[in-house]
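Here are some notes for a reader new to this structure. Please keep the sequence and the 3D view open while going through the points.

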Amino acid sequence: MIRAENLGKRFGDRAAVEALDLEVAPGEVFGLLGPNGAGKTTTVRMLTSLIAPTAGRAWVNGHAIGADDAAVRRSVGVLTEVPGLYARLTAAENLRFFGRLHSLDDLDARIRRFLTLLGLWERRDDRAGSFSKGMRQKLAIARTLLHDPPVVFLDEPTAALDPSAARVVRDFIAGLRDAGRAIVLCTHNLDEAQRLCNRIAIMQRTILKVGTAETLRAELAGDQLVVTIREVTPAARAAVVGGVGDAALTEVDGRFAIATAAPDALAPGLVRALVAAGADVLRVEVERPSLEAVYLDLVGEAAPADAEDAL
Ligand SMILES: Nc1ncnc2c1ncn2[C@@H]1O[C@H](COP(=O)(O)OP(=O)(O)OP(=O)(O)O)[C@@H](O)[C@H]1O
Ligand SMILES: [Mg+2]
């Protein structure tokens, strides 16, 4: 439903996006993660025909960007970083204006449905300019979806929202996914990405790695078996080292952490050895590296890709 091949965008002599390949299927939420300035918004703007790529090709809902731009725009709903609402129009008028641009039928019913879903129906006759940041964001989300687009791009949809509103929007996105939409979600919220996205791409100018949250995490370092005992005695330590050697072992405050590809095979013997050595075993756990660890491993903890002066 979305496909990009070798897509690129240069602004002057700066490459914002380079050699980007991706494919998003109907019923899929595809997450774009990356540091500030990584090119996420630029990618979204190219795939929605808002700006022209300087390299490569892409198709959205079967329409080629650059050739079939009007059809691309009809196929997509896009929530941009800046909501771009008319401050002097009311919530309902904003949606009506947008609906007329798309020549939508049953417009009043659509407006009512989306404003109700997002908790703004009571405020439908208030000017958008009088709304809080989060309310504007919700109104912009309503506008994004008003024409039932098969392909949806959401650039940080929950960034301005309180926890319960963010939850409403996340459930909403899950509903869109289950209804067979293809969704691209840019987010800095790793937990959100993990919960919502079928696949996650970590990008910095290009896609560094793509996979499910599970496969991304499994690729890094692998699992650790963590055994916590009440008190580390020389006998307990000897039992652990005797069982697993000390190569893959770290020991912190009564916890032994052992990197292993097969925690289930290791755990029973290790616990038996510890008990035989007189240790009180409090917990046996398997820890996987977090998505955050994977992200930091790929993009580093260094300064943002594009450190800018204060505006
Ligand atoms: N209109 C423009 N003119 C010049 N440079 C631009 C323009 N738009 C984006 N850029 C540059 O392209 C790069 C990528 O920006 P982009 O907005 O795509 O990043 P992003 O991943 O969305 O970051 P953020 O997480 O901060 O939203 C940056 O270096 C930015 O300065
Ligand atoms: Mg952005």
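1. Start with Asn198. In this predicted model, Asn198 sits in a loop. Helix H7 (190-196) lies on one side of that loop in sequence, and strand E9 (199-204) on the other.

2. Is Asn198 buried or exposed? Neither label fits: Asn198 counts as partly exposed, because it has 15 C-beta neighbours inside 10 Å. A buried residue would need 20 or more, and an exposed one 12 or fewer.

3. Next, the surroundings of Asn198. Setting aside neighbours within four places in sequence, Asn198 is in contact with Glu28, Val29 and Thr212. Glu214 is 16 residues away from Asn198 in sequence. In space, the two are 10.0 Å apart, C-alpha to C-alpha.

4. Val29 also turns up beside Leu185. With neighbours within four places in sequence left out, Leu185 is in contact with Val29, Phe30, Gly31 and Leu32. Leu154, Ile173, Leu196 and Cys197 are contacts of Leu185 as well.

5. Now the nonpolar cores. The largest one has 66 residues. Which residues have the most contacts inside it? They are Ile183 and Leu185. Helix H5 (residues 133-145) supplies the largest share of this core, 6 residues. A second core is separate and has 11 residues. Among them are Leu225, Ile229, Ala239 and Leu274.

6. Last, the overall layout. The chain is divided into domain 1 (2-218) and domain 2 (223-287). How many Å separate their centres? Taken over C-alpha atoms, the centres of domain 1 and domain 2 are 47 Å apart.

Conventions. Residues numbered from 1 in each chain as written. Chains lettered and ligands numbered in written order. Predicted model: local features only at pLDDT ≥ 70, side-chain atom pairs only at ≥ 80, totals over all residues. Helix = DSSP H or I, 4+ residues; strand = E, 2+ residues; numbered from the N terminus. Contact = placed C-beta atoms within 7 Å. Domains from an automatic or database assignment. Core = buried A, V, L, I, M, F, W, Y, C linked by C-beta atoms within 7 Å.
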